[in-house]
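Subject: Structure handover

Hello,

Here is the structure I promised to pass on. Please open it first, and then read the notes below next to it.

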Amino acid sequence: MSEHILETDRLTRRYGDRLAVDAVSMAVRPREVYGFLGPNGAGKTTMLRMLLGLVRPTSGRASVLGHPPGSPAALAGVGALVESPGFFPYLSGRDNLRVLARHARLDDVAVEAALEQVDLTDRASEPFRSYSLGMKQRLGVAAALLGNPRLLILDEPTNGLDPAGMADMRELIRALADAGQTVLLSSHLLGEVQQVCDRVGVISRGRLLAERTLAELRETAGLLVRAEPLSRAAEVASRMVGGANVARVDGALRLGVDPAAAPNLVRALVRADVDVTEVRPVERTLEHIFFELTTPEEVTP
Ligand SMILES: Nc1ncnc2c1ncn2[C@@H]1O[C@H](COP(=O)(O)OP(=O)(O)OP(=O)(O)O)[C@@H](O)[C@H]1O
């Protein structure tokens, strides 16, 4: 078998006329955090559900830990948080995990280990209904971690969380990865996957448009320039980086260049008598990245 934890080959799921997942071939390597990045409806959940054996592919193949998705051998090594798990509101976090552990023939040691991993030990005896959304979500991750799975699959793990809850979840995922856990997650937030993932698969309308490393995604940053007069600034910038890389957005210029170009650009603008009031690196939006991926000939407008 290959060194991949998970592999798909032209995996496809059709619902009537709609291709929810369209011939996706991808692979997850051991110990990496791989993120499916795409807007709502892109096919991320369907993809994850196929990998768990919850949805049958229309065509194509997948292998999870070297086994068919959903097979006992595959499921034995996978922990997942794909739908919000049905925790009992009046039971404590610990007792909820104990119920799940009993079904999986695991002991209380596994429960305590999972609570510890998600940093809920201190609050584990409180009832589930008193938990914040972030704690509920962390308990969901603890449930997925029961039994020490080789692969963790998380569908939009930060969905619905406030910024602090999101930051906690990101930290948790990074900590798990640093401890050797392989993670496959989905998200519709570019900033989110940029902060936790080693590799990102960009998915849109069921198609995997690109796989990028974090470093490659970072290179898709650009520069925002506020200056007066803006039209002269645009002329100077166009001469330097090419007109196709210069766009006017909300009274500023957005340049599709490496932010390292900033000092040269500012010098040129000042020489041309332009007052520069702000220059900062900007992250391209998810929309920009999709635009570039779907129309590779064109440079950012
Ligand atoms: N059971 C189903 N029956 C019919 N269509 C479905 C079903 N499940 C998903 N779809 C369709 O497949 C497409 C992909 O949906 P999916 O839920 O996988 O996307 P997603 O990227 O996870 O989006 P979201 O973040 O909104 O969940 C959508 O157009 C959706 O309407």
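The chain is divided into two domains, domain 1 (6-217) and domain 2 (221-283). Their C-alpha centres lie 41 Å apart. Please keep in mind that this is a predicted model.

Overall picture

The chain has eleven helices and 13 strands. Its C-alpha trace spans about 75 × 45 × 35 Å along the principal axes. Of the 301 residues in the chain, 39% are buried. Among contacts with a separation of 6 or more, 68% are between residues that are 24 or more positions apart.

The ligand

Which residues are around the ligand? They are Tyr15, Arg18, Ala20, Gly38, Asn40, Gly41, Ala42, Gly43, Lys44, Thr45, Thr46 and His188. Strand E2 (18-28) and helix H1 (44-51) are the elements that give two or more residues to this shell. H1 gives the most, with three residues. Sorted by class, the shell has seven polar, three nonpolar and two charged residues.

Arg13

Arg13 is in strand E1 (residues 6-15). Is Arg13 buried or exposed? Arg13 is buried, because 22 other C-beta atoms lie within 10 Å, and the cut-off for buried is 20 or more. Leaving out residues up to four places away in sequence, Arg13 touches Ala20, Val21, Thr46, Met50, Val55, Pro57 and Thr58. Two of these names, Ala20 and Thr46, also appear in the list of residues around the ligand. Pro57 is 44 residues from Arg13 in sequence, yet the two C-alpha atoms are 5.0 Å apart in space.

Helix H3

In helix H3 (residues 93-103), the residues Gly93, Arg94, Asn96, Leu97 and Leu100 are buried. They are on the same side of H3, because they cover an arc of only 160° around the axis. What do the buried residues of H3 pack against? They pack against helix H4 (108-117) and helix H5 (133-145). Just after H3 comes Arg105, which takes a positive phi of about 55°.

Strand E5

Strand E5 (residues 78-81) is covered on both faces. Val78 and Ala80 are buried on one side, and Gly79 and Leu81 are buried on the other. E5 pairs with strand E6 (residues 151-155) in the parallel sense, over four bridges. Within that pairing, Ile153 of E6 is the bridge partner of Ala80.

Glu211

Glu211 lies in strand E9 (residues 207-213). Glu211 counts as partly exposed because it has 14 C-beta neighbours inside 10 Å. Apart from neighbours within four places in sequence, Glu211 is in contact with Met26, Arg199 and Gly201. Glu211 and Leu37 are 174 residues apart along the chain, and their C-alpha atoms are separated by 9.8 Å.

Ala261

Ala261 sits in the loop between strand E12 (252-255) and helix H10 (262-271). Ala261 has 17 C-beta neighbours inside 10 Å, so it counts as partly exposed. Not counting neighbours within four places in sequence, Ala261 is in contact with Leu223 and Val241. Val241 is 20 residues away from Ala261 in sequence and 9.1 Å away in space, C-alpha to C-alpha.

Backbone details to check

Most residues other than glycine have a negative phi, and most peptide bonds are trans. Some places in this chain are worth a look with that in mind.

- The peptide bond from Glu228 to Pro229 is cis, with omega near -10°. Pro229 lies in the loop between strand E10 (222-228) and helix H9 (230-241).
- Asp250 has a positive phi, near 50°. Asp250 is found in the loop between strand E11 (246-249) and E12. Asp250 counts as exposed, because it has 7 C-beta neighbours inside 10 Å.
- Asp273 is not a glycine, but its phi is positive at about 65°. Asp273 is in the loop between H10 and strand E13 (275-282). With 10 other C-beta atoms within 10 Å, Asp273 is therefore exposed.

That is the end of my notes.

Regards

Conventions. Residues numbered from 1 in each chain as written. Predicted model: local features only at pLDDT ≥ 70, side-chain atom pairs only at ≥ 80, totals over all residues. Buried ≥ 20, exposed ≤ 12 C-beta atoms within 10 Å, placed from the backbone. Contact = placed C-beta atoms within 7 Å. Arc of directions from axis to C-beta. Near = placed C-beta within 6 Å. Nonpolar A, V, L, I, M, F, W, Y, C, P; charged D, E, K, R; others polar. Domains from an automatic or database assignment. Pairing = 2+ DSSP bridges.
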